[in-house]
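Work through these exercises with the structure open beside you. Try each task before you read its solution.

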Amino acid sequence: MALKQQPYGLLPDGRKTDLYILTNVNDVEVSVTNYGGIITSIKTPDKTGVFKNIVLGLRSFKEYLKNDPYLGALVGRVSNRISNARFDLDGKTYKLAKNEGENHLHGGLVGFEKILWEVEVVDDQSIRLSYVSPDGEEGYPGNLHVSVTYTLDNDNKLTLKFGAMTDKTTPISFTSHGYFNLTGDPSKNIYDHQLKLYADSFTPTDQELIPTGAVDSVQDTPLDFRDFKPIGEDIGQTKIGFDNNFVLNKPEGELALAAEVEEPQSGRRMNVYTSMPCMQLYTGNYLDNSLQSPERIPFRKHCAFCLEPQHYPDAPNRPEFPSGILRPGKNYKAKIVYEFF
Ligand code: BGC
């Protein structure tokens, strides 16, 4: 096991960012910066032992300052969309920052992905990022103390352990927004990746990707990933690709296998476990060649997929969904585990 820390770059206001490189006994290597908690690279071996980076990452720190697609970043205070950028809670209306038309996306204008997090090196396999999101930030109530511990173990599991406490009742839904391409080559699309999701149902949305409030069966829809299916098989039946929230077949709070992915050429596989109730599958539909890999490969539409464990989208406006509310005095805990083979 090893943990290396190196300077990564300066924010426009002069604050220093660092890159933390975790390596396990199998030489799997994960790089994380304290800017946005961004995972900039995950290197794993293919079936012949060749190591490649399996997540989209940028060339240098400077380029992350315009990370519009949230590459690898922590997302919060509430991931996904909140309709009309407002919600009512305990008899009060809260207005949030609008950053996608009339709606609020991924925590607003300055979400967790643009924060410089405090770092504590826990040991040679873990770092702990923490941040106090002030009362009123992006419109949310309460001073929210958040921490995320990243651990890479010798079983090739990368665990993100989330914790939070608040002094006023607030909605929360954190996620990590990694873009995966298990070939390690973002010039290839992800159509041949075999995906299995432990989800019998999904939350249908309107034109603006706001949930209608229904929870429908995936049966007879392109969203049926209950058995392994290539991501590309039914993608043509969607408008521009997958961008859907699945309801996982397990009780909220229970850490369980939620997704399995296999890339046949490289032989790389990944499992995703989570304690969260839902999972967004997003196939990089809005990637538009404007960002590039360190090797200058442009990131184009469908060159990666995201599996974002999260709470029910727009829960603060949907009494029919579990609330996703954190109250003072409660200790929020959640986990995401990526396991690499
Ligand atoms: C959402 C997409 C959005 C993307 C931003 C995903 O989580 O589902 O609709 O465009 O994040 O990068």
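**Exercise 1.** Are phenylalanine 112 and phenylalanine 174 buried or exposed?

*Solution.* This is a predicted model. Start with phenylalanine 112: this residue is buried. Phenylalanine 174 is buried too.

**Exercise 2.** Classify the ring pair of tyrosine 35 and phenylalanine 61, then find where each residue lies.

*Solution.*
Step 1. Take the distance between the ring centres: 5.3 Å. Rings pair if their centres lie within 6.5 Å.
Step 2. Take the angle between the planes: 85 degrees. Planes over 60 degrees apart count as edge-to-face, so the pair of tyrosine 35 and phenylalanine 61 is edge-to-face.
Step 3. Locate the residues. Tyrosine 35 is in the loop between strand E3 (29-33) and strand E4 (39-45). Phenylalanine 61 is in the loop between strand E5 (51-53) and strand E6 (73-75). The two are 26 residues apart, and their pair links distant parts of the chain.
Step 4. Check burial. Tyrosine 35 and phenylalanine 61 are both buried.

**Exercise 3.** Do the same for phenylalanine 112 and phenylalanine 174, and say which parts of the chain they tie together.

*Solution.*
Step 1. The centres are 5.7 Å apart, with 35 degrees between the planes. This pair is tilted.
Step 2. Phenylalanine 112 lies in the loop between strand E10 (104-105) and strand E11 (118-123). Phenylalanine 174 lies in the loop between strand E15 (170-171) and strand E16 (175-177). The pair therefore ties together parts 62 residues apart in sequence.
Step 3. Widen the view. Ring pairs join Phe112 and Phe174 into a cluster with Trp117, Tyr131, Phe162 and Tyr332. A search of the whole structure gives 17 aromatic pairs.

**Exercise 4.** Which charged residues sit over the rings of phenylalanine 225 and phenylalanine 341?

*Solution.* Over the face of phenylalanine 225 lies lysine 229, 4.3 Å from the ring centre. Over the ring of phenylalanine 341 sits the charged end of arginine 269, at 4.2 Å from the centre.

**Exercise 5.** Describe the surroundings of the ligand.

*Solution.*
Step 1. List the neighbours. Among them are Pro69, Arg81, His106, Asp243 and Glu308.
Step 2. Sort the shell: six residues are nonpolar, three polar and three charged.
Step 3. Look for contacts to ligand oxygen atoms. A polar backbone atom of proline 69 is 3.0 Å from one. A polar side-chain atom of arginine 81 lies at 2.6 Å. For histidine 106, a side-chain N or O atom is 2.9 Å away.
Step 4. Finish with the cover. On its own, the ligand has 310 Å² of accessible area, and the protein covers 95% of this.

Conventions: Residues are numbered from 1 along each chain as its sequence is written. This is a predicted model: local features need pLDDT of at least 70, side-chain atom pairs count only at pLDDT 80 or more; totals for chains, interfaces and linings use all residues. Side-chain values use heavy atoms; hydrogens and water are left out. Rings of Phe, Tyr and Trp (its six-membered ring) pair if their centres lie within 6.5 Å; planes under 30 degrees apart count as stacked, over 60 as edge-to-face and the rest as tilted. Helices (H or I, at least four residues) and strands (E, at least two) are DSSP runs, numbered from the N terminus. Buried means under 20% relative accessible area, exposed over 50%, partly exposed in between (1.4 Å probe, protein chains only). A charge sits over a ring if NZ of Lys or CZ of Arg is within 6 Å of the ring centre and within 35 degrees of the ring normal. A residue is near a molecule or strand if one of its heavy atoms lies within 4 Å of it. A polar contact is a pair of N or O atoms within 3.5 Å; within protein, one must be able to donate a hydrogen and the other to accept it, and residues adjacent in sequence count only if both atoms are side-chain atoms. Accessible areas come from the Shrake-Rupley method with a 1.4 Å probe; for residues, only the protein chains shown count as cover. Ala, Val, Leu, Ile, Met, Phe, Trp, Tyr, Cys and Pro count as nonpolar, Asp, Glu, Lys and Arg as charged, and the others, Gly among them, as polar.
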